[in-house]
Amino acid sequence: MTDPVVREFLLGFWKIHILHHAEEQGVYGQWMLEELHRHGYRLSPGTLYPLLARMARRGWLRATEPKRSRGARVYRITPAGSEVLKRLRASLAELQHEVGRRRASASSARTSNSRKTRSTRESR
């Protein structure tokens, strides 16, 4: 990701995605990289692992140490992370309602305007 503005917004999406899956079953780094890639996000391990560590430091995730030396560190959501995710879901729903409504309104306004224009031309 070369555009720092876009990357800044995507960081928020990635965090929400991580919290969602950490709530469902827990996540580990390689799986999360593949999951985000499946959704069109191409993160490097150098981006994801520090992100997971920051989220753990903030108390949103808890990492379990691997049982084997080569095992994966699994991150699960904490009660604080669940509360953050709950608030984010409410904010996302509100944003989707507003942004979706505006887009639908703008689209219907354009359709209505093009019908008026076509009708005016046809009546001439």
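This passage describes the fold, the helix packing, the strand pair and the salt bridges of a predicted model.

The chain is built from four helices and two strands, and from the N terminus on these elements follow one another in the order α-α-α-β-β-α. Of the 124 residues of the chain, 24% count as buried. When contacts with a separation of 6 or more are considered, residues 24 or more positions apart account for 47% of them.

The packing of the helices may be described for two pairs, both of which involve helix α3, made up of residues 45-57. Helix α2 packs against α3 at an angle of about 120°, and the two axes lie 10 Å apart. With this angle, α2 counts as oblique to α3, and the crossing of α2 and α3 is right-handed. On the side of α2, the residues that take part are Gly29, Gln30, Met32, Leu33 and Leu36, and these meet Pro45, Leu48, Tyr49 and Leu52 of α3. In the second pair, the axes of α1 and α3 come within 11 Å of each other and cross at roughly 65°, again in a right-handed crossing. Here α1 contributes Arg7, Leu11, Trp14, Lys15, Ile18 and Leu19, whereas α3 contributes Thr47, Leu48, Leu51, Leu52 and Met55. Leu48 and Leu52 of α3 thus appear in the contact with α2 and also in the contact with α1.

The two strands form a pair, in which β1 (residues 61-64) runs antiparallel to β2 and is joined to it by four bridges. Within this pair, Arg62 has Arg76 of β2 as its bridge partner. In a regular strand, side chains alternate between the two faces of the sheet. Strand β2, which spans residues 74-77, shows such an alternation, since Tyr75 and Ile77 point to one face and are buried, while Val74 and Arg76 point to the other face and are not buried.

Beyond the end of β2, Thr78 occupies a place in the loop between β2 and α4. With a relative accessibility of 9%, Thr78 is counted as buried, because the limit for this class is under 20%. If the neighbours within four places in sequence are left aside, Thr78 is in contact with Gly59, Trp60, Leu61 and Arg62. A second buried residue, Val84, is found in helix α4 and has a relative accessibility of 16%. Leaving aside the neighbours within four places in sequence, the contacts of Val84 are with Leu19 and Trp60, so that Trp60 is a contact of Val84 as well as of Thr78. Val84 also illustrates how positions separated along the chain are placed in space, as Val84 and Ile16 are 68 residues apart in sequence, with a C-alpha to C-alpha distance of 9.1 Å.

Side chains of opposite charge can pair when their charged atoms come close, and the structure holds three salt bridges. One of them is formed by Arg89 and Glu23, whose closest N and O atoms are 3.0 Å apart. This salt bridge links distant parts of the chain, given that Arg89 belongs to helix α4 (residues 79-123) and Glu23 to helix α1 (residues 4-24), with their positions 66 residues apart in sequence. Arg89 has a relative accessibility of 39% and counts as partly exposed, and Glu23, at 36%, is likewise partly exposed.

Another salt bridge is found within helix α2 (residues 29-38), where Arg38 and Glu35 lie three residues apart, about one turn of the helix. The closest N and O atoms of Arg38 and Glu35 are 3.2 Å apart. The surroundings of these two residues contrast, for Arg38 is exposed, with a relative accessible area of 60%, whereas Glu35 counts as buried at a relative accessibility of 7%. The remaining salt bridge is made by the side chains of Glu65 and Arg73, with an N to O distance of 3.0 Å. Glu65 is exposed, since its relative accessible area of 55% is over the 50% required for that class, while Arg73, at a relative accessibility of 37%, counts as partly exposed.

Key: Residues numbered from 1 in each chain as written. Predicted model: local features only at pLDDT ≥ 70, side-chain atom pairs only at ≥ 80, totals over all residues. Heavy atoms only, no water. Salt bridge = Lys/Arg side-chain N within 4 Å of Asp/Glu carboxyl O. Buried < 20%, exposed > 50% of the residue type's maximum accessible area, 1.4 Å probe, protein only. Pairing = 2+ DSSP bridges. Axes fitted to C-alpha atoms, helices over the stretch in contact; angles between N-to-C directions. Parallel < 35°, antiparallel > 145°, perpendicular 65-115°, else oblique. Left-handed = near helix turned anticlockwise from the far one by under 90°. Contact = heavy atoms within 4.5 Å.
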